[in-house]
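Reader: I have a model open on my screen and would like to learn how to read it. Could you walk me through it?

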Amino acid sequence: MVSLMRRWLQIWRDYRQKRDRLGARGERAAAKTLRKAGYKIVGRNVRTRLGEIDLIVRRGRERVLVIVEVKTTTSEDPPPEVHVDRHKQRKLSALAGQLVRTHQLEDHVVRFDVVGVVWPEGAKKPVRVTHHVNAFESML
């Protein structure tokens with residue numbers, strides 16, 4: 001029984017590590033795409049007591065703070081963007097509210113973007129990186 005449990009835990013750890021590496025590669029690809037589009041990365045993997053924001057970006061001197069959720073999958077079916085459901089939208093809204101209050105950014109407009117990355121197993125680079133501007137409205 002103990003060896004079966006150890007084996008199961010090892011399989012779970014291996015799965016999590018593989019998934020985390022894919023997510024990190026997707027976030028790097030998303031950041032590169034956003035920089036090419038003229039955005040400046042002001043935060044990556046910003047952690048708060050409520051959770052984590054993948055990317056925080058700005059464009060030029062605009063007073064728009066863009067909260068970016070990056071979703072990476074190995075296949076197009078279903079597209080990675082569909083995984084940003086209402087629950088995730090509520091969580092991102094709460095994280096953004098906390099960020100705005102903590103850093104006194106009340107004079108900024110907050111926008112929520114989603115970047116979907118499709119990166120097949122074994123591929124050297126992603127086959128698709130799609131930036132969805134203003135993907136959803138705040139749920140607060």
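Reader: Let me start with a side chain that caught my eye: which side chain does Glu81 join in a polar contact?

Author: Happy to help, and please keep in mind that this is a predicted model. The side chain of Glu81 is joined to that of His132 by a polar contact of 3.0 Å.

Reader: Where does Glu81 lie?

Author: You will find Glu81 in the loop between β3 and α2.

Reader: Is Glu81 buried or exposed?

Author: The idea is to compare the relative accessible area with a cut-off: buried means under 20%. Glu81 has a relative accessible area of 15%, so it is buried.

Reader: Which residues does Glu81 touch?

Author: Leaving aside residues up to four places away in sequence, Glu81 touches Val114, Gly116, Arg128, Thr130 and His132.

Reader: That loop has a proline too. What kind of peptide bond joins Asp77 and Pro78?

Author: Look at omega for this one. Between Asp77 and Pro78 omega is about 0 degrees, and the peptide bond is cis. Pro78 has its place in the loop between β3 and α2, and Glu81 lies in the loop between β3 and α2 as well.

Reader: Now the sheet, please. What is the order of the strands?

Author: Read across the sheet rather than along the chain. The order is β1-β2-β3-β4-β5, in an open sheet of five strands with mixed pairing. At the edges stand β1 (39-48) and β5 (128-136); each has a single partner strand, so one side of each is left without a neighbour in the sheet. From one strand to the next, the twist averages 30 degrees.

Reader: How do I read the pairing of β2 with β3: parallel or antiparallel?

Author: Follow the bridges. Strand β2 (residues 51-59) and β3 run antiparallel, and three bridges join them. Leu55 has Val68 in β3 as its bridge partner, while Ile56 stands opposite Ile67 in β3.

Reader: And what should I know about side chains along a strand?

Author: Side chains in a regular strand alternate between the two faces of the sheet.

Reader: How many bridges join β3 to β4?

Author: There are ten bridges between β3 and strand β4 (residues 109-118), and these strands run parallel. One position to look for is Thr72, which stands opposite Val117 in β4. Together with helix α2 (residues 86-102), β3 and β4 make a right-handed β-α-β unit.

Reader: Why is β3 described as largely enclosed by the rest of the structure?

Author: Count its buried residues. Strand β3 (residues 64-73) has ten residues and nine of them are buried, so the strand is largely enclosed by the rest of the structure.

Reader: One last feature: positive phi. Which residue takes a positive phi in the hairpin of β2 and β3?

Author: In that hairpin, which has four residues between the strands, Gly60 takes a positive phi near 55 degrees. Asn45 is not a glycine, yet its phi is positive, at about 50 degrees. Asn45 is found in strand β1, and at 35% relative accessibility it counts as partly exposed. Gln104, also not a glycine, has a positive phi of about 50 degrees. Gln104 is in the loop between α2 and β4, and its relative accessible area of 60% makes it exposed.

Terms used:
Residues are numbered from 1 along each chain as its sequence is written. This is a predicted model: local features need pLDDT of at least 70, side-chain atom pairs count only at pLDDT 80 or more; totals for chains, interfaces and linings use all residues. Side-chain values use heavy atoms; hydrogens and water are left out. Buried means under 20% relative accessible area, exposed over 50%, partly exposed in between (1.4 Å probe, protein chains only). Helices (H or I, at least four residues) and strands (E, at least two) are DSSP runs, numbered from the N terminus. Two strands pair if DSSP finds at least two bridges between them. A crossover is right-handed if, with the strands pointing away from the viewer, the path from the first strand over the helix to the second runs clockwise. Axes are lines fitted to C-alpha atoms, for helices over the stretch in contact, and angles run from 0 to 180 degrees between N-to-C directions. A polar contact is a pair of N or O atoms within 3.5 Å; within protein, one must be able to donate a hydrogen and the other to accept it, and residues adjacent in sequence count only if both atoms are side-chain atoms. Contact means heavy atoms within 4.5 Å.
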